[in-house]
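Open the model in your viewer and keep the selection tool at hand. The tour goes from one selection to the next and says what to look for at each stop.

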Amino acid sequence: MDNKRKIYNKLLDLVKEENVKMDELLKDHLYTKLGGRADFFITPTSFQEVQNVVKLSNEDNIPFTLLGNGSNLIIKDGGIRGIVINLKHLDDISTDGNTLVAQSGARIINASRYALKKHLSGLEFACGIPGTVGGALYMNAGAYGGEIKDVLDYAYVVDREGNLVKRLASELDLDYRTSNIPDNGDIVVEATFNLKPAKYEEIKEVMDDLTYKRESKQPLEYPSCGSVFKRPPGYFAGKLIQDSDLQGTNIGGAEVSKKHAGFIINKDNATTSDYISLIEHVQKTVKEKFGVDLEREVRIIGEDPEQ
């Protein structure tokens, strides 16, 4: 505990006291409402603070984890050791001509709405994606035929050493639900998108249509981690799960959605263990019935709870 207090005091030298918390319950900050406690939960308010925290973690050999709003993430019930960085205060969005600049803690939905307000087209596909801008780059988020790689120009990241570095979109290896950002250990702090001018009414019509499709087909009334599985080549994950008669199947408080088979919802105070067990059950059943391996799109991190 003495060492923990020393780390806490060092963090207070780098980040304002109200933005440093010990033993913070992570499920209170996540879209999925899942997850144990973080040793240290940091919410920086500037790029420099992010750099300083990364440098401290390197100097004192403290593990750190970057956390968005958890819309595509499951954290185990044992929580996360070391420092957890959440960039929710870095949420500025602005435009300059046909360029939109968004800090990584901004919701990608809000970026698409801001683009609409400025009569700029290109981010309509993101109007229903619940993640942050940083998370959207991390996994090259996409929906309804659009992807981040279609509109991203460049990003600023904090690298493993704590340096602020500009990365061109072409340097990020953006592909289907993936990028090299996690492998590089980069923390996205800002993204710049190239958009095109268009009529407000035309942009809004597309966004309204996509919003209707999402709201009518997805179980938004419950916490979830979005699409659990990537699309297998030649198939649709949701259709395979549906045809395996898995909709409505539950383990603990986690349930395969009856509204959209590709979603697992937190229906009744589910634990992460419930979620993981249900994911594995779905994978096993689909493999047995159709011979198809379902690869997770959702990430699982953290530690198992102590027995």
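**Stop 1: the nonpolar cores**

This is a predicted model. Begin by selecting Leu-100, Ile-108, Val-133, Leu-137, Ile-148, Leu-152 and Phe-193: these touch the most other members of the largest nonpolar core, which has 31 residues. Now colour S7, helix H3 (108–117), helix H4 (133–138), S11 and S13, since each of them supplies at least two residues of this core. In soluble globular proteins, nonpolar side chains tend to be buried together.

Keep Leu-100 selected and show what surrounds it. Leaving out residues up to four places away in sequence, its contacts include Ala-111, Tyr-114 and Ala-115, and also Ala-191, Thr-192 and Phe-193. There is also a second, separate core of 22 residues, and Ile-74, Leu-246, Val-292 and Val-298 are among its members.

**Stop 2: strand S13 and its partners**

Select strand S13, residues 187–194. Is this strand enclosed or open to the outside? Seven of its eight residues are buried, so S13 is largely enclosed by the rest of the structure.

Add strand S7 (residues 99–103), which pairs with S13 in the antiparallel sense over five bridges. To see one matched position, select Ala-102, which stands opposite Ala-191 in S13. Then add strand S11 (residues 152–158): six bridges join S11 to S13, and these two strands also run antiparallel. Here the pair to select is Val-157 and Val-188, the latter in S13, which stand opposite each other.

**Stop 3: helix H1 and the sheet under it**

Select helix H1, residues 2–12. Which residues of H1 are buried? They are Lys-4, Ile-7, Tyr-8 and Leu-11. Turn the view to look down the axis of H1: the buried residues fall within an arc of 100°, so they line one face of the helix. An α-helix has 3.6 residues a turn, so residues three or four places apart point the same way. On the other side of H1, Asp-2, Asn-3 and Lys-6 are exposed.

Next, show what covers the buried residues of H1; this includes strand S1 (20–25), strand S2 (37–42), helix H2 (47–59) and strand S5 (80–86). Select the open sheet of four strands, in the order S1-S2-S5-S3, where the pairing is mixed. At its edges stand S1 and strand S3 (64–67), each with a single partner strand, so one side of each has no neighbour in the sheet. From one strand to the next, the twist averages 35°.

Within this sheet, S2 and S5 run parallel and are joined by four bridges. Select Ala-38 and then its bridge partner in S5, Ile-80. H1 packs on the sheet and touches S1, S2 and S5, with its direction at about 130° to that of S1. Select H2 as well: this helix lies across S2, S3 and S5, and runs at about 165° to S5.

**Stop 4: the second sheet**

Select the four strands S15-S18-S17-S16, given here in their order in an open sheet with antiparallel pairing. S15 and strand S16 (250–251) are at the edges, each with a single partner strand, so one side of each is left without a neighbour in the sheet. Two bridges pair S16 with strand S17 (residues 254–256) in the antiparallel sense. One such partnership is Ile-251 with Ala-254 in S17. Helix H8 packs on this sheet and touches S15, S16, S17 and strand S18 (263–266); the direction of H8 makes about 25° with that of S17.

**Stop 5: the annotated active site**

For the last stop, select Arg-177, Ser-227 and Glu-297, which an unreviewed UniProt entry lists under "active site". These three are spread over 121 residues of sequence but cluster in space, with a largest C-alpha distance of 11.1 Å.

Where is Ser-227? It is in strand S15 (residues 224–227). Glu-297, by contrast, lies in the loop between helix H8 (272–290) and strand S19 (299–301). Is Glu-297 buried or exposed? Its relative accessibility is 14%, so it counts as buried, whereas Ser-227, at 32%, counts as partly exposed.

Finally, show contacts, again leaving out residues up to four places away in sequence. Ser-227 touches Asn-72, Gly-262, Phe-263, Glu-297 and Val-298. The contacts of Glu-297 include Asn-72, Tyr-176, Arg-177 and Ser-227.

Key. Residues are numbered from 1 along each chain as its sequence is written. This is a predicted model: local features need pLDDT of at least 70, side-chain atom pairs count only at pLDDT 80 or more; totals for chains, interfaces and linings use all residues. Side-chain values use heavy atoms; hydrogens and water are left out. UniProt positions are given in the numbering used here, feature names are shortened, and annotations may be inferred rather than shown by experiment. Buried means under 20% relative accessible area, exposed over 50%, partly exposed in between (1.4 Å probe, protein chains only). Contact means heavy atoms within 4.5 Å. Two strands pair if DSSP finds at least two bridges between them. Axes are lines fitted to C-alpha atoms, for helices over the stretch in contact, and angles run from 0 to 180 degrees between N-to-C directions. The arc is that of the directions from the helix axis to the C-beta atoms. A nonpolar core is a set of buried Ala, Val, Leu, Ile, Met, Phe, Trp, Tyr and Cys residues joined through side-chain atoms within 4.5 Å.
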